[in-house]
Amino acid sequence: MKKKKEHKELSKMLRVDHAGEVSARKIYDGQLLILSGRKEAEEIKHMRDQEQHHLDKFDELLNEYNIRPSFLTPVWNLAGLTLGAVTALMGTKSAMACTIAVEEVIGEHYQKQAIKLKSSNKVLSKVLNEFADEELEHRNIAQENNGEEAFGYRIMKGIIQSGCRGAIKIAEKI
Ligand SMILES: [Fe+2]
Ligand SMILES: [Fe+2]
């Protein structure tokens with residue numbers, strides 16, 4: 001019984017993480033569609049490649065633990081791409097503001113999960129801690145690239161972060 005409950009908990013966690021990485025990779029794909037010629041493109045590409053690595057790892061983990069991905073995976077793809085492209089169209093600073101908002105939520109989300117799994121699954125907890133560090137590094141890169149100077153930064157950040165938290169709740173279930 002305990003095992004079943006544990007697996008259900010783990011399924012929820014990894015399903016959300018997988019969905020999040022699907023979106024994250026697409027956010028940077030969307031940004032690169034618009035900003036490929038800019039000097040910031042190298043940094044965006046670096047973040048995009050790390051999201052791909054995270055996504056590959058969660059793909060592997062879903063297989064290993066026999067967990068289905070979110071039914072809404074196509075929606076997370078499209079939502080990420082749209083968010084990345086639309087904020088990039090508003091300018092580089094807005095794209096970076098989007099990155100700050102998203103990465104802060106994901107980084108803290110992984111930190112919480114890592115703490116939760118610290119005693120029951122040390123290996124996974126370590127992976128999540130590594131990813132948390134990388135997500136927060138992405139936030140720092142976006143701060144260094146003046147994301148906080150974007151027009152309407154506070155409002156945009158609030159809206160994007162509520163969207164991310166809402167998506168987390170949905171992806172846990174569906
Ligand atoms: Fe990631
Ligand atoms: Fe990230």
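This report describes an iron site and several salt bridges in a predicted model.

**The iron site**

The iron ion (ligand 2) is held by protein donors that lie 1.9 to 2.3 Å from it. These donors are Glu51 (OE), Glu103 (OE), Glu103 (OE), Glu135 (OE) and His138 (ND1). Along the chain, the donors of the iron ion (ligand 2) follow the spacing E-x51-E-x31-E-x2-H. Glu51 also has a bridging role, for it bridges the iron ion (ligand 2) and the iron ion (ligand 1). The two ions lie 3.8 Å apart. Glu51 belongs to helix α2 (residues 41–65) and Glu135 to helix α5 (residues 122–144), so this pair ties together parts that are 84 residues apart in sequence. Glu51 and Glu135 are both buried, as each has under 20% relative accessible area.

**Salt bridges**

Side chains of opposite charge can pair when their charged atoms come close. In this model the count comes to nine salt bridges. Among them are the three set out below.

| Pair | N to O distance |
|---|---|
| Lys45 and Asp49 | 3.2 Å |
| Glu60 and Lys57 | 3.2 Å |
| Glu104 and Arg139 | 3.8 Å |

Two of these pairs are found in helix α2. Lys45 and Asp49 are four residues apart in that helix, so about one helical turn separates them. Lys45 is partly exposed, with a relative accessible area of 41%, and Asp49 is likewise partly exposed, at 37% relative accessibility. Glu60 and Lys57 are three residues apart in helix α2, so they too are separated by about one helical turn. Glu60 is partly exposed at 44% relative accessibility, while Lys57 is partly exposed with a relative accessible area of 22%.

The remaining pair in the table joins two helices. The side chains of Glu104 and Arg139 meet in a salt bridge. Glu104 lies in helix α4 (residues 92–116) and Arg139 in helix α5, so the pair ties together parts that are 35 residues apart in sequence. Both Glu104 and Arg139 are buried, whereas Lys45 and Asp49 are partly exposed. Through salt bridges that share partners, Glu104, Arg139 and Lys157 are joined into one network.

**Helix α5 in both settings**

Helix α5 appears in both parts of this account. Glu135, a donor of the iron ion (ligand 2), lies in helix α5, and Arg139, the salt-bridge partner of Glu104, lies in helix α5 as well.

Terms used. Residues are numbered from 1 along each chain as its sequence is written. Chains are lettered from A and ligands numbered from 1 in the order in which they are written. This is a predicted model: local features need pLDDT of at least 70, side-chain atom pairs count only at pLDDT 80 or more; totals for chains, interfaces and linings use all residues. Side-chain values use heavy atoms; hydrogens and water are left out. Donors are N, O and S atoms within 2.8 Å of the metal (3.2 Å for Na, K and Ca); water is not among the atoms, so sites may look incomplete. Buried means under 20% relative accessible area, exposed over 50%, partly exposed in between (1.4 Å probe, protein chains only). A salt bridge is a side-chain nitrogen of Lys or Arg within 4 Å of a carboxyl oxygen of Asp or Glu.
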